[in-house]
Amino acid sequence: MKRDSYINMILSIVVAMGIGAIVVAAMGFNPVETYVELFKGAFVGSFNFGGTLERFVPLMLTALAFAVAQKVNMANVGVEGDLYLGAIGAAWVGYSFTNLPSIIHIPFALTVAMIIGALWAAIPGILKAYYQVNDVCSTILLNYVAMYITSYLVNNPMSAGKGVAMTPQIAESASLMKIMAPSRANIGLFIALAVLILTYLFFTRTKKGYEFTSVGLNDDYSEFVGIQSKKTKVLGMMFSGAIGGLAGGIEVLGIYGYFLDGFSTGIGFDGMLAALIAKSNIVLVPVLAFFIAALKQGALAMERFTGVPKSLIDAMIAMFILFATMEGLFILHKKRKAKLEKKEEAK
């Protein structure tokens, strides 16, 4: 992303935090104390920082999934559905195959999660590429189908038979190792970062990655130069769905240890927002995901120690999204810079 966009992003963060401070002061609280507790709640101590990393992993992966679909000019608003189906697939492998060593069991479970997510995302991909069905509508609707499918499975054939709708506990060999006790942060962080790096290299260093980008920019031209644009769009959606499924798999293997009905609190949609703010730039996606994860984690401590409601953080995130997407702040910055340059030339 160009330097201008980075400046706009920083200005958006500063202004959103500034408006948040004004609101906090208007509510009768100390803005400095509030932000100190927000920072401490996100970064100070293994439990707090581990909580930020725990939130960061699924946010970053779902944002990356949406960004990948955008590269082929597709809108995978159904990342939440990919996440749910990938999660229940990983849970099934986790509790069904109990005699496998971890070095086989974990990759097996995550691979199944990715395959299920990819196949599910292929449905709207095919509908859009070959039948011109609106991808936004189809992916949103398929979210509900995916959630109802998992709800049926976890309440019937895959139920643990307890009072809560959940699958049986996964085997120890399928559990992802924790890295920052007593938090639930786990080695899924390194898996997610590896996927991020490989995805970046795919789009910047491979012929197929170039084809994806070309189709996203102009599918008619791509067809003219010999690229199968329809097939590429479907593959792009499958790539996106696989990353979404992986996010669900890591949640099950590293956080919960089982599939819990309705476990996601809009992770896929939060990731989509992070990708939109980053304009689907793969380098910027983890930065935005980490920023949002830190705000959400720090909000808990902020509310506990200052009394400022954590809903304020959701409002700040909304303001940040508004400023970042409208790019008005950068325009003001650019005009001011131009005026300063004219004054310097006049001298």
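**Exercise 1. Is Ser280 buried or exposed?**

Start with the backbone of this predicted model. Ser280 sits in the loop connecting H11 and H12. Its phi is near 60°, a positive value in a residue other than glycine. Next, take the accessibility: Ser280 has a relative accessible area of 7%, so with the cut-off for buried at under 20%, Ser280 is buried.

**Exercise 2. Find where Gln132 lies, then classify its exposure.**

Go to the loop between helix H5 (102-131) and H6: that's where Gln132 is. Gln132 isn't a glycine, yet its phi is positive, at about 60°. As background, most residues other than glycine have a negative phi, and most peptide bonds are trans. Now the surface: the relative accessibility of Gln132 is 59%, and exposed begins over 50%, so Gln132 counts as exposed.

While you're looking at backbone geometry, check the bond between Ala181 and Pro182: it is cis, with omega about 5°. Pro182 belongs to the loop between helix H6 (135-155) and H7.

**Exercise 3. Classify the ring pair Phe43 and Phe290, and say which helices hold the two residues.**

A pair of aromatic rings is described by the distance of the centres and the angle of the planes. The model has 16 aromatic pairs when centres must lie within 6.5 Å. For Phe43 and Phe290, the centres are 6.0 Å apart and the planes make 35°, so this pair is tilted. Then place them: Phe43 is in helix H2 (residues 31-43) and Phe290 in helix H12 (residues 285-306), so the pair ties together parts 247 residues apart in sequence. Both rings' residues come out partly exposed, Phe43 at 30% relative accessible area and Phe290 at 27%. Finally, zoom out: ring pairs join Phe43 and Phe290 with Phe39, Phe49 and Phe56 in a cluster.

**Exercise 4. Do the same for Phe203 and Phe239, then look for a charge over the Phe203 ring.**

Here the centres are 6.3 Å apart and the planes are at 0°, so the pair is stacked. Phe203 is in helix H7 (residues 188-205) and Phe239 in helix H10 (residues 229-256), which puts the partners 36 residues apart. Phe203 is buried at 11% relative accessibility, whereas Phe239, at 22%, is partly exposed. As for the charge, Lys71 lies over the face of Phe203, 5.9 Å from the ring centre. Arg184 has its charged end over another ring, that of Tyr256, at 5.6 Å from the centre.

**Exercise 5. Describe how H3 and H11 cross.**

Two packed helices are described by the angle between their axes and the distance between the axes. The axes of helix H3 (residues 46-71) and helix H11 (residues 267-277) come within 7 Å and cross at roughly 60°. That makes H3 oblique to H11, and the crossing is right-handed. Now list contacts: the H3 side includes Pro58, Leu59 and Phe66, while the H11 side includes Ile267, Met272 and Leu276.

**Exercise 6. Work out what surrounds Gly20.**

Place it: Gly20 is in helix H1 (residues 3-26). With a relative accessible area of 0%, Gly20 is buried. Leaving out residues up to four places away in sequence, Gly20 touches Tyr35, Leu312, Met316 and Met319. For a C-alpha distance, take Leu38, which is 18 residues from Gly20 along the chain: the two C-alpha atoms are separated by 12 Å.

Key
Residues are numbered from 1 along each chain as its sequence is written. This is a predicted model: local features need pLDDT of at least 70, side-chain atom pairs count only at pLDDT 80 or more; totals for chains, interfaces and linings use all residues. Side-chain values use heavy atoms; hydrogens and water are left out. Rings of Phe, Tyr and Trp (its six-membered ring) pair if their centres lie within 6.5 Å; planes under 30 degrees apart count as stacked, over 60 as edge-to-face and the rest as tilted. Helices (H or I, at least four residues) and strands (E, at least two) are DSSP runs, numbered from the N terminus. Buried means under 20% relative accessible area, exposed over 50%, partly exposed in between (1.4 Å probe, protein chains only). A charge sits over a ring if NZ of Lys or CZ of Arg is within 6 Å of the ring centre and within 35 degrees of the ring normal. Axes are lines fitted to C-alpha atoms, for helices over the stretch in contact, and angles run from 0 to 180 degrees between N-to-C directions. Angles under 35 degrees count as roughly parallel, over 145 as roughly antiparallel, 65 to 115 as roughly perpendicular and the rest as oblique. A crossing is left-handed if the near helix is turned anticlockwise from the far one by less than a right angle, and right-handed if clockwise. Contact means heavy atoms within 4.5 Å.
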